[in-house]
2 protein chains.
Amino acid sequence: MTRQRALILRLIRESGEHPTAEEIYRKAKEEMPGIALATVYNNLNHLAQEGEIRKISFCGSSDRYDKTSVPHIHLICDRCGRLRDWPSEGFAAELERWLGFAVESYELAVHCICPACSAENHSSN
Amino acid sequence: MTRQRALILRLIRESGEHPTAEEIYRKAKEEMPGIALATVYNNLNHLAQEGEIRKISFCGSSDRYDKTSVPHIHLICDRCGRLRDWPSEGFAAELERWLGFAVESYELAVHCICPACSAENHSSN
DNA sequence: ATCAGAATTTAGAATGATTTTAAAAAAGGG
DNA sequence: CCCTTTTTTAAAATCATTCTAAATTCTGAT
């Protein structure tokens, strides 16, 4: 565990978002100006293989990284455009029941008007 | 609707797979040798915006294109590595019930041992 | 602490996918 | 047909990511 790897892991864990390699690189440089972009990529791949984090990919955007490798639902709001996690306990079991076979893991992105935007809208109209 | 666009749409519709732009380009050149790769990209984007096809993206692979824009489940088999469609009628409704709000569309990739591989395995042991 | 070997970091070059450019060609409506 | 708009083409440009090779840092055994 090098200083660089520890920093990168911490930055992802602290992030409430789903940062790209470039975004992690920018934050990392604030604390360790000499760090190389290749180091960020190396470590993101390494951490993902170890199961510390998860690489996710969405159309029309660079790969993003998730602070946990535990599968969960991603909401993409058609109104505010935000990408957020949604509590997903029990969803894998539900999915297995529906499909009729065992699921190793899943990636689910839901496009919707997110509950937050939906609430805003109703109260302001 | 140009000849090029019609060809590209037909090739995707005829494909049982989820081809990449490069794969579509290779097939297209067999019927129209002078076609440019940029034309393939232009039309894939155009067709996706029109809702004729859907762009999908998976980690570690170029973007792929799906013959329909109707959401459905993708199975990625951990054994054979194949990416296949899975019948998904009623799944959106199930998802909405589970989430508690309306879903515009979704992208779901399930990692598993696919039923085909699972069956093979049992009969040969 | 010290050494050797393995793993990691770095900067920059290389690769691969996709988009942009500008000019030529084709489509489509009146 | 003619005009206008859209599309196509080839090449260059861009963007994300990986590779390279040399220098550095880690690790674990002495």
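## Buried rings first

A residue counts as buried when its relative accessible area is under 20%. This is a predicted model, and in it F91(A) has 2% relative accessibility, so it counts as buried. W98(B), at 26% relative accessibility, counts as partly exposed.

## Aromatic pairs

Over all chains, the structure holds six aromatic pairs. One of them brings together F91(A) and W98(B): the ring centres sit 5.1 Å apart with the planes at 70°, so we call it edge-to-face. Since F91(A) belongs to helix 4 (residues 91-99) of chain A and W98(B) to helix 4 (residues 91-99) of chain B, this pair joins two chains. Add Y106(A), and ring pairs link F91(A), Y106(A) and W98(B) into a cluster.

Over in chain B, F91(B) and Y106(B) make an edge-to-face pair too, with 5.4 Å from centre to centre and 65° between the planes. Here F91(B) comes from helix 4 and Y106(B) from strand 5 (residues 105-112) of chain B, so the pair ties together parts that are 15 residues apart in sequence. Both partners are tucked away: F91(B) counts as buried at 2% relative accessibility, and Y106(B) counts as buried at 3%.

## Chain A at a glance

Chain A has five helices and five strands. Read from the N terminus, its elements go α-α-α-β-β-β-β-α-β-α. The C-alpha trace spans about 50 × 45 × 25 Å along its principal axes.

Of the 125 residues in chain A, 40% count as buried. The chain exposes about 6,800 Å², and carbon and sulfur atoms supply 48% of that. Taking contacts in chain A between residues at least 6 apart in sequence, 51% join residues at least 24 apart.

## Around DNA strand D

So which residues are closest to DNA strand D? There are 18 residues surrounding the strand, and the closest are Y41(A), D63(A), T2(B), R5(B) and T39(B). Of the strand's atoms that come within 4 Å of the protein, sugar and phosphate account for 85%. The nearby surface breaks down into seven nonpolar, nine polar and two charged residues.

Helix 3 (37-50) of chain A, plus helix 1 (3-14) and helix 3 (37-50) of chain B, each supply at least two residues of that surface. Helix 3 of chain B gives the most, with five residues.

Now for the phosphates. Y41(A) has a polar side-chain atom 2.5 Å from a phosphate oxygen of DNA strand D, while an N or O atom in the side chain of N45(A) lies 3.3 Å from a phosphate oxygen. With A36(B) it's the backbone: a polar backbone atom sits 3.1 Å from a phosphate oxygen of the strand.

Definitions and conventions
Residues are numbered from 1 along each chain as its sequence is written. Chains are lettered from A and ligands numbered from 1 in the order in which they are written. This is a predicted model: local features need pLDDT of at least 70, side-chain atom pairs count only at pLDDT 80 or more; totals for chains, interfaces and linings use all residues. Side-chain values use heavy atoms; hydrogens and water are left out. A residue is near a molecule or strand if one of its heavy atoms lies within 4 Å of it. A polar contact is a pair of N or O atoms within 3.5 Å; within protein, one must be able to donate a hydrogen and the other to accept it, and residues adjacent in sequence count only if both atoms are side-chain atoms. Helices (H or I, at least four residues) and strands (E, at least two) are DSSP runs, numbered from the N terminus. Ala, Val, Leu, Ile, Met, Phe, Trp, Tyr, Cys and Pro count as nonpolar, Asp, Glu, Lys and Arg as charged, and the others, Gly among them, as polar. Buried means under 20% relative accessible area, exposed over 50%, partly exposed in between (1.4 Å probe, protein chains only). Contact means heavy atoms within 4.5 Å. Accessible areas come from the Shrake-Rupley method with a 1.4 Å probe; for residues, only the protein chains shown count as cover. Rings of Phe, Tyr and Trp (its six-membered ring) pair if their centres lie within 6.5 Å; planes under 30 degrees apart count as stacked, over 60 as edge-to-face and the rest as tilted.
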